[in-house]
Amino acid sequence: MSLEQVGKNPCSSPSLRNEPKKSVVLYARVSAPKQKEDLQRQIETLRDYASHQGWNILKIYADIGSGINDTRKQLLRLVTDLPLLRPAHILWTYKDRSARFGTTILEHTAKMYGTTLLSIATQQHENHEHEEMVHTIMAILYSFSGKLYRQRRSKKKKEETQKTPTPAA
């Protein structure tokens, strides 16, 4: 099943209303340490949503790191824990909290254990998807420009080291 948008009002989706007690895991992510308060707000929003649904929270995972970083510790731990926990849903506030791209792999892995990915946020405005794409492109450009800069700096250091004569003994 693909990512579902069900809205902030838990009763807005008839298919999710009054489901039998289910177990879920929560995943929250922010990009920078200065956003820790936002991370806590995400967790509280997810807890409230799960509680309102009557769902049991098995575990909460939270990361601070870029959405294009595919080595986030808590996200990897969540994937590792899936076979053991087998939650009905993985909840997050927005689709991009899991990853900027590559969510298909996460979705496929979750589906193998009977788990669905559930984004609880609604679109803030009409241009949300467009803005999300722009943010993703900017994050990718930033990442690759940093890598290019590091490669140039390394090459320049290497060239300077080779030009520097070694003192005679």
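The following legends describe close-up views of a predicted model. In this model, local features require a pLDDT of at least 70 and side-chain atom pairs a pLDDT of 80 or more, whereas totals for chains, interfaces and linings use all residues. Residues are numbered from 1 along each chain as its sequence is written, and side-chain values use heavy atoms, with hydrogens and water left out.

**View A. The two sides of helix 3 (residues 103-112).** Helices (H or I, at least four residues) and strands (E, at least two) are DSSP runs, numbered from the N terminus. Thr103, Leu106, Thr109 and Ala110 are the buried residues of this helix (buried: under 20% relative accessible area; exposed: over 50%; partly exposed: in between; 1.4 Å probe, protein chains only). They lie on the same side of helix 3 because they cover an arc of only 125° around the axis, the arc being that of the directions from the helix axis to the C-beta atoms. An α-helix has 3.6 residues a turn, so residues three or four places apart point the same way. Exposed residues Thr104, Ile105, Lys111 and Met112 occupy the face turned away from the buried side. The buried residues pack against helix 2 (73-85), strand 4 (89-92) and strand 5 (116-119), contact meaning heavy atoms within 4.5 Å. Just after helix 3, Gly114 adopts a positive phi of about 75°.

**View B. The surroundings of Asp63 in strand 3 (residues 56-64).** Asp63 is buried yet has no salt bridge (a side-chain nitrogen of Lys or Arg within 4 Å of a carboxyl oxygen of Asp or Glu). Arg72, the nearest side chain of opposite charge, is 4.5 Å away; Lys and Arg count as positive and Asp and Glu as negative, while His and the chain ends are not counted. A polar atom of the Asp63 side chain lies 2.9 Å from the backbone nitrogen of Leu75.

**View C. The nonpolar cores.** A nonpolar core is a set of buried Ala, Val, Leu, Ile, Met, Phe, Trp, Tyr and Cys residues joined through side-chain atoms within 4.5 Å. The largest has 13 residues, of which Val24, Leu46, Tyr49, Trp55 and Leu91 touch the most other members. Strand 2 (23-30) and helix 1 (36-53) are the elements that give two or more residues to this core, and helix 1 gives the most, with five. A second, separate core of eleven residues includes Leu78, Ile90, Ala110 and Leu117.

**View D. The loop residue Ala88.** Ala88 lies between helix 2 and strand 4. Ala88 and Leu117 are 29 residues apart in sequence, with a C-alpha to C-alpha separation of 8.9 Å.

Definitions and conventions:
Polar contact = N/O pair within 3.5 Å; in protein donor to acceptor, adjacent residues only side chain to side chain.
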